[in-house]
Amino acid sequence: MNRNRFLQLLSLVLAGLLARSSAAWAGPPPPAVDLETALQLARDNSPLLDSTRAGIEEARGDLTTAEVFLVDDAYLQVGVGPRFGGPRGRPLQPQFQAMARQRLEVAGQRGKRTRAAKDSLEAARSDNVDEARRLALSVAMAFFDAVAAEERLQYATDNERLVSQIEALAQRRVESGADSPTALYAAKIRTAEARRRTLAAEMDVTSARVILTSVVGLPPGRPLTPNGSLPTPVVLPSIEDLVGAASTQRPDLVAASRRTRAAAHGETVARAQRWPDMSLGAQYSFEEQDSVILGVVGFWLPSLNRSRGARQKARATTRRRQADRVAAGLRAEAEIRTNAARLRAATKAVAVYDASVLTAQNENLRLLREQYGEGKVTYVEVVLLQRELLEAQLGYVQALSLIHI
């Protein structure tokens with residue numbers, strides 16, 4: 001045995017061992033999941049939902065801070081030292097002072113901050129609901145895309161089998177002298193093209209399964225298999241009713257409205273900074289064997305610019321939030337109208353490819369195949385009808401796959 005032959009055998013043995021080990025490590029194949037299971041997996045594993053849940057906790061912490069009655073902690077000051085300047089020879093007299101004070105807001109800032117924090121908390125909750133809505137839509141789209149890929153693979157496999165049967169008929173007719181070799185060559189080309197379509201469909205199935213697995217928040221190394229069928233056409237309510245309901249029910253629009261209100265409350269907090277805050281306190285001092293207790297009232301005077309920068313920023317924030325809310329409303333209306341138009345177009349397309357049409361095409365193809373074997377029709381006629389059948393089947397799947405959008 002020469003060296004090259006030995007290396008080839010060794011490579012085959014190693015490849016077999018690796019394949020067996022890989023199969024053992026891979027474990028059982030992942031189970032097929034229906035749409036409801038896929039949605040529940042996404043709710044349990046999605047990092048995007050975890051992020052919005054954390055956003056709710058952040059907003060709740062801001063509300064807890066805003067509801068504190070006293071914003072600043074109490075201030076305590078203690079002083080100890082000797083007293084100088086007495087008669088010569090007089091011992092130093094120890095002195096002691098202590099003062100405590102508490103700052104109080106007098107312009108209602110606490111209530112304004114609390115209202116702003118509550119609106120921000122509601123906005124964060126709406127963000128969570130909106131993310132769940134978007135996640136459900138993404139999962140449904142990925143699920144039905146995977147189902148559609150399975151359907152296309154089935155049609156491609158059936159088409160490849162049908163083309164192989166036609167090639168076998170062409171082979172027999174050429175061998176019997178009833179047809180020219182050109183028909184056989186064309187049949188072989190069609191068989192190769194059908195095989196290419198099947199391989200492409202298999203790749204699409206794998207890709208769709210990986211996408212579905214990643215959308216639900218699982219590692220895509222073991223892709224899920226969808227277990228379901230494509231949706232059937234549904235009757236949509238009035239577009240104007242959908243647009244009207246969106247302004248009060250869509251969570252992204254609710255979140256935008258809440259943030260606008262929170263910004264408006266923040267603007268009132270900034271305006272309240274123009275007013276001086278008051279402090280109340282008490283002071284105790286011990287001087288020359290005497291104790292002195294004083295009540296202290298103080299004021300924190302606003303700076304010379306009277307918080308102009310903070311007020312200017314708060315006004316701009318309110319205007320920006322208002323513009324964001326208007327833009328979100330326009331996007332939502334455009335999305336509703338576009339998807340409604342797409343859904344109605346897909347519903348009409350599905351109606352074109354009803355079961356009777358596909359059944360009639362299948363029956364015609366069967367009859368033409370028999371007639372071609374008997375020499376009653378040409379190869380071109382069989383191929384044209386076979387191609388039309390495949391296009392109709394793929395068009396039907398595409399129309400159904402658009403209904404879920």
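**Note on helix packing around α10 and the loop at Pro31**

1. In this predicted model, helix α5 meets helix α10 through Ala183, Ala186, Ala187, Arg190 and Arg197 on the α5 side. The α10 side of this contact consists of Tyr379, Val383, Gln386, Arg387, Leu390 and Leu394. Sorted by class, the residues of the contact of α5 with α10 are seven nonpolar, one polar and three charged.

2. As to geometry, α5 spans residues 181-215 and α10 spans residues 379-401. Their axes come within 11 Å and cross at roughly 15°. An angle under 35 degrees counts as roughly parallel, and α5 and α10 are therefore roughly parallel to each other. The crossing in which α5 passes α10 is left-handed.

3. Helix α4, residues 109-175, also packs against α10: the two axes come within 10 Å and cross at roughly 175°. Angles over 145 degrees count as roughly antiparallel, so α4 and α10 are roughly antiparallel to each other.

4. From α4, the contact with α10 draws on Ala148, Glu151, Arg152, Tyr155, Asn159, Leu162, Val163 and Ile166. From α10 it draws on Tyr379, Val382, Gln386, Leu390, Gln393, Leu394, Val397 and Ser401. The class count for the contact of α4 with α10 is 10 nonpolar, four polar and two charged residues.

5. Some α10 residues take part in both contacts. Tyr379, Gln386, Leu390 and Leu394 are among the residues that meet α5, and Tyr379, Gln386, Leu390 and Leu394 are also among those that meet α4.

6. Away from these helices, Pro31 sits in the loop that links α1 (3-26) to β1 (32-33). Its relative accessible area is 55%. The cut-off for exposed is over 50%, so Pro31 is exposed.

7. Pro31 has partners distant in sequence. Apart from neighbours within four places in sequence, Pro31 is in contact with Leu224 and Thr225. The C-alpha atoms of Pro31 and Pro223 are separated by 9.4 Å, although these two residues are 192 residues apart along the chain.

8. For the protein as a whole, there are 10 helices and six strands. Of its 405 residues, 31% count as buried. The accessible surface comes to about 24,600 Å², and carbon and sulfur atoms account for 57% of that surface.

9. On contact range, the count covers contacts between residues at least 6 apart in sequence. Of these contacts, 77% join residues at least 24 apart.

Technical notes
Residues numbered from 1 in each chain as written. Predicted model: local features only at pLDDT ≥ 70, side-chain atom pairs only at ≥ 80, totals over all residues. Heavy atoms only, no water. Axes fitted to C-alpha atoms, helices over the stretch in contact; angles between N-to-C directions. Helix = DSSP H or I, 4+ residues; strand = E, 2+ residues; numbered from the N terminus. Parallel < 35°, antiparallel > 145°, perpendicular 65-115°, else oblique. Left-handed = near helix turned anticlockwise from the far one by under 90°. Contact = heavy atoms within 4.5 Å. Nonpolar A, V, L, I, M, F, W, Y, C, P; charged D, E, K, R; others polar. Buried < 20%, exposed > 50% of the residue type's maximum accessible area, 1.4 Å probe, protein only. Areas by Shrake-Rupley, 256 points an atom, 1.4 Å probe, with all protein chains shown as cover.
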